[in-house]
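Reader: Hey, I've just opened this one and could use a walk-through. Can you take me around?
Author: Sure, let's put it on the screen and go piece by piece.

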2 protein chains.
Amino acid sequence: MGRRQDLINTALRLFYEHGIHAVGINQVLEEAGVAKQTLYNHFETKDSLVEAVVEQRDSLFFDWLEQRMSSRPAGKEALLEMFDAVNDWINNRVPTLNRFYGCFFINTCAEYSDPEHPVHKRCAAHKARIFRLFKHHAESLSNSEMDAEELANALFLLKEGAIVKAHVEGDLEAAVKARAIAERMM
Amino acid sequence: MGRRQDLINTALRLFYEHGIHAVGINQVLEEAGVAKQTLYNHFETKDSLVEAVVEQRDSLFFDWLEQRMSSRPAGKEALLEMFDAVNDWINNRVPTLNRFYGCFFINTCAEYSDPEHPVHKRCAAHKARIFRLFKHHAESLSNSEMDAEELANALFLLKEGAIVKAHVEGDLEAAVKARAIAERMM
DNA sequence: GCCGAAGTAGACAGATCGGTCTATTTTTGA
DNA sequence: TCAAAAATAGACCGATCTGTCTACTTCGGC
């Protein structure tokens with residue numbers, strides 16, 4: 001797989017579970033079984049590694065969600081499938097996403113509050129991608145009360161809220177309840 | 001105000017802006033103008049200080065929100081006022097809450113992922129308090145489609161989603177949009 | 001077989017971490 | 001007034017942090 005990818009995978013797992021500032025470079029190296037100089041051959045600084053980790057999580061999560069949604073007819077059914085997918089994630093039924101510790105991008109922005117920081121920007125870009133995915137499906141719904149933008153936004157907020165509630169309060173049913181609310185809106 | 005309170009206030013400001021693990025004890029001491037031994041007379045460890053900080057933020061935020069909501073008739077109007085209050089917060093019109101860096105409790109849980117950790121538990125307790133406040137107002141609404149629990153939950157998720165979206169994506173209109181969605185549900 | 005690239009272990013640097021300790025000064029209340 | 005309590009400055013501890021450096025080994029392509 002290559003040392004670079006080993007480092008990214010190990011760092012993602014540790015950063016996601018414990019937070020970024022709580023995990024030192026040495027711990028990543030030890031668990032990845034890679035020498036320190038090798039890391040600094042591939043990445044200029046720890047922050048460069050963090051950027052690569054965020055990019056990796058972006059691909060991993062987006063591709064997974066897009067695939068889940070495309071397994072159902074575009075529109076309402078795909079959007080409801082999204083809540084089912086999130087529910088599976090919250091309840092640790094999606095091994096490729098690792099154990100559930102909330103949203104990695106929200107968590108990362110908690111540690112990189114400056115919106116101009118490259119790491120924060122990448123997290124924002126991920127959320128924008130997800131929103132566009134929702135909007136694409138919302139556009140194939142005709143709804144007199146709400147236009148596609150507003151519907152996508154509503155579903156996005158419900159999803160974000162459910163992820164946060166599941167993590168902070170340990171509510172494993174958060175996505176199921178969010179789905180019920182969403183269904184009534186469509 | 002007392003050194004203990006000085007320490008809590010300074011720590012809250014720094015922890016909220018930069019995250020908890022990114023801020024050292026020495027920085028808190030320097031900015032608070034307090035000696036190190038004084039801190040360890042009042043708190044056993046850094047984590048004890050963190051607990052006190054979370055408790056402080058809980059009071060500060062809850063009391064502020066409850067007051068804002070009670071300025072309007074109980075029920076629908078108070079619940080809509082909640083979104084206006086959050087909108088003011090996001091747009092830095094509430095000096096007592098400090099500059100907006102997302103939700104302190106969500107951010108803190110990102111750094112304390114273990115749900116059994118006292119700090120995480122206090123964050124969860126805060127969210128439960130807020131939810132009960134919402135539910136109280138939701139109960140004074142008669143709604144055939146949705147019971148009070150479900151309505152409170154929907155509004156809660158929209159609020160959490162809006163705060164996250166405002167922080168991660170810098171969307172200063174997030175609470176306004178959430179309010180519009182909420183209004184249609186009531 | 002050989003050369004250069006890539007990876008290894010591990011010492012090292014300078015800074016910072018949370019936390020302890022001592023010795024001195026300030027504050028406070030009976 | 002005077003003693004106890006509280007706060008001070010700052011040295012100190014061992015551990016850890018990111019990042020650099022050296023010297024040795026492994027490995028793949030020509």
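Reader: Let's start with the DNA. Of the 16 residues around DNA strand C, which come nearest?
Author: Those are A:T38, B:I25, B:K36, B:Q37 and B:K46. Keep in mind that this is a predicted model.

Reader: Which part of strand C do they face, then? How much of what comes within 4 Å of the protein is sugar or phosphate?
Author: Sugar or phosphate makes up 64% of the atoms of DNA strand C within 4 Å of the protein, and bases make up the rest.

Reader: What does the side chain of B:K36 have within reach on DNA strand C?
Author: A base oxygen: an N or O atom of the B:K36 side chain is 2.6 Å from it. With B:K46 the partner is a phosphate oxygen of strand C, 2.7 Å from a polar backbone atom of that residue. Chain A joins in through A:R3, where a polar side-chain atom lies 3.4 Å from a phosphate oxygen of strand C.

Reader: Which elements give two or more residues to that surface?
Author: Helix 3 of chain A, plus helix 2 (25-32) and helix 3 of chain B. By class, the residues near DNA strand C are five nonpolar, eight polar and three charged.

Reader: OK, now the other strand. Which residues come nearest to DNA strand D?
Author: Out of 16 residues around strand D, the nearest are A:I25, A:N26, A:K36, A:K46 and B:T38. Of the strand D atoms that come within 4 Å of the protein, 62% are sugar and phosphate.

Reader: What are the contacts to phosphate oxygens of DNA strand D like?
Author: Two of them use the protein backbone. A backbone N or O atom of A:I25 sits 2.7 Å from a phosphate oxygen of strand D, and a backbone N or O atom of B:A35 is 2.9 Å from one. For B:H42 a polar side-chain atom is involved, 3.5 Å from a phosphate oxygen of that strand.

Reader: And which elements give two or more residues there?
Author: Chain A gives helix 2 (25-32) and helix 3 (36-42), and chain B gives helix 3 (36-42). The surface near DNA strand D has five nonpolar, eight polar and three charged residues.

Reader: Switching topic: what rotation puts chain B on chain A?
Author: A rotation of 180° does it, with 0.0 Å of shift along the axis and an RMSD of 0.0 Å. The two copies are therefore related as by a two-fold rotation axis.

Reader: Which C-alpha of chain B is nearest the axis?
Author: That of B:G161, 2.3 Å from the axis. Both copies use the same surface, too: 100% of the contact residues of chain B recur in chain A.

Reader: How many residues are in contact between the two chains?
Author: 39 residues of chain B touch 39 residues of chain A. Together the chains bury about 3300 Å², 65% of it on carbon and sulfur atoms.

Reader: Which residues of chain B lose the most area to chain A?
Author: B:L157, B:V168 and B:R184, which together account for 19% of what that side buries.

Reader: How many salt bridges are there between chain B and chain A?
Author: Two. B:R184 shows up again here, as its side chain meets that of A:E150 in a salt bridge (3.3 Å, N to O). There are also eight residue pairs in polar contact between the chains.

Reader: Which helix of chain B gives the most to that side?
Author: Helix 8, with 14 residues. Helices 1 (3-18), 6 (104-111), 7 (118-139), 8 (148-169) and 9 (174-185) of chain B each give two or more residues. By class, the side of chain B that touches chain A has 20 nonpolar, nine polar and ten charged residues.

Reader: Last one: how many salt bridges does the structure hold over all chains?
Author: 34. One inside chain A joins the side chains of A:E31 and A:R13 (3.1 Å, N to O). That pair links distant parts of the chain, with A:E31 in helix 2 and A:R13 in helix 1 (residues 3-18), 18 residues apart.

Note on methods
Residues numbered from 1 in each chain as written. Chains lettered and ligands numbered in written order. Predicted model: local features only at pLDDT ≥ 70, side-chain atom pairs only at ≥ 80, totals over all residues. Heavy atoms only, no water. Least-squares fit on C-alpha atoms with pLDDT ≥ 70 in both. Contact = heavy atoms within 4.5 Å. Near = heavy atom within 4 Å. Polar contact = N/O pair within 3.5 Å; in protein donor to acceptor, adjacent residues only side chain to side chain. Helix = DSSP H or I, 4+ residues; strand = E, 2+ residues; numbered from the N terminus. Nonpolar A, V, L, I, M, F, W, Y, C, P; charged D, E, K, R; others polar. Buried area = accessible area lost by both parts, 1.4 Å probe. Salt bridge = Lys/Arg side-chain N within 4 Å of Asp/Glu carboxyl O.
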